[in-house]
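Biologist: Please take a close look at one part of this model, the open sheet and what surrounds it. I would like a connected account, with the charged pairs included.

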Amino acid sequence: MNQTDPISDMLTRIRNANMARLDAVELPHSRMKVAIAKIMKREGFIKDYVSEGGGAHRVLRVYLKFSSRREPAIRGLRRVSRPGLRRYVQVDDMKPIMHGTGLAIVSTSRGVLTDREVRHNGVGGEWLLTIW
């Protein structure tokens, strides 16, 4: 099936699995999704991610993170730039998300970075999503 916005599909699958308190969710594999999952793991929003399979049937399995009372680590996900309306941000316009408790993920010429890394490196790019 051809999707017009695979990143939005990824976020919806993670959001739905999070609300259902599932331990893992499978997604079609792409390099952009792996880069987003890598940042989410590094920042503590997910436990882990694994790329499985080969060829056209590769999948990305994302293991969600919960507290001891089964409260999800991800409280919210929002897609900012979408195919119908691209959102680009300059380094001067990138402010901390939720007073520093959340983060923005931005696609730049230096790769996929968080809002803190964007401000540190002094580059702008396409504001993909916000997570808190």
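Modeller: What follows starts with the sheet, moves to the helices on it, and ends with the charged and aromatic side chains.

The model is predicted, and this applies to everything below. The sheet is open and has three strands in the order β1-β3-β2, with antiparallel pairing. The edges are taken by β1 and β2, each of which has a single partner strand, so one side of each is left without a neighbour in the sheet. On average, neighbouring strands of this sheet are turned by 20° against each other, direction ignored.

Consider the pairing of β1 with β3. These two strands run antiparallel and are joined by five bridges. Two positions fix the register. Glu26 stands opposite Arg61 in β3, and Pro28 has Val59 of β3 as its bridge partner. Strand β1 covers residues 24-28 and has two unlike faces: Val25 and Leu27 are on the covered face, while Ala24, Glu26 and Pro28 are on the uncovered one. The general background is that side chains in a regular strand alternate between the two faces of the sheet. Glu26, opposite Arg61 in β3, therefore belongs to the uncovered face of β1.

On the other side of β3 is β2. Strand β2 spans residues 46-52 and strand β3 spans residues 59-64; the two run antiparallel and six bridges join them. Within this pairing, Tyr49 stands opposite Val62 of β3. The hairpin of β2 and β3 has six residues between the strands, and in it Gly53 takes a positive phi near 85°.

Two helices belong to the surroundings of this sheet. Helix α1 packs on the sheet and touches β1 and β3, its direction making about 165° with that of β1. Helix α2, residues 31-42, lies across β1, β2 and β3 and runs at about 155° to β2.

One residue of α1 shows the packing in detail. Ala17 has its place in helix α1. Its relative accessibility is 3%, and because the limit for buried is under 20%, Ala17 counts as buried. Leaving out residues up to four places away in sequence, Ala17 touches Leu22, Val25 and Leu64. Of these contacts, Val25 is on the covered face of β1. Ala17 also lies 9.9 Å from Tyr63, C-alpha to C-alpha, with their positions 46 residues apart in sequence.

Now the charged pairs. Side chains of opposite charge can pair when their charged atoms come close. The structure holds 11 salt bridges. One of them joins Asp5 to Arg79, whose closest N and O atoms are 2.9 Å apart. This pair links distant parts of the chain, with Asp5 in the segment before α1 (6-19) and Arg79 in strand β4 (residues 77-79), 74 residues apart. Asp5 and Arg79 are both buried.

A further salt bridge lies within α1. Asp9 pairs with Arg13, the closest N and O atoms being 3.0 Å apart. Asp9 and Arg13 are four residues apart in helix α1, and are therefore separated by about one helical turn. Arg13 has 31% relative accessibility and so counts as partly exposed.

Lys41 and Asp48 form another salt bridge through their side chains, at 3.1 Å from N to O. Lys41 falls within the residue range of helix α2, and Asp48 within that of β2. Both partners are partly exposed: the relative accessible area is 37% for Lys41 and 29% for Asp48. Salt bridges that share partners also join Arg42, Glu43, Arg116 and Glu117 into one network.

Aromatic side chains add little here. A search of the whole structure finds zero aromatic pairs. There is, however, a charge over a ring: the charged end of Arg70 sits over the ring of Phe66, 4.2 Å from its centre.

For completeness, another strand pairing can be set beside the sheet. Strand β6 (residues 103-108) and strand β7 (residues 111-114) pair in the antiparallel sense over four bridges. The hairpin that joins β6 to β7 does so through two residues, and Ser107 has Val112 of β7 as its bridge partner.

Methods:
Residues are numbered from 1 along each chain as its sequence is written. This is a predicted model: local features need pLDDT of at least 70, side-chain atom pairs count only at pLDDT 80 or more; totals for chains, interfaces and linings use all residues. Side-chain values use heavy atoms; hydrogens and water are left out. Rings of Phe, Tyr and Trp (its six-membered ring) pair if their centres lie within 6.5 Å; planes under 30 degrees apart count as stacked, over 60 as edge-to-face and the rest as tilted. A charge sits over a ring if NZ of Lys or CZ of Arg is within 6 Å of the ring centre and within 35 degrees of the ring normal. Two strands pair if DSSP finds at least two bridges between them. A salt bridge is a side-chain nitrogen of Lys or Arg within 4 Å of a carboxyl oxygen of Asp or Glu. Buried means under 20% relative accessible area, exposed over 50%, partly exposed in between (1.4 Å probe, protein chains only). Axes are lines fitted to C-alpha atoms, for helices over the stretch in contact, and angles run from 0 to 180 degrees between N-to-C directions. Contact means heavy atoms within 4.5 Å.
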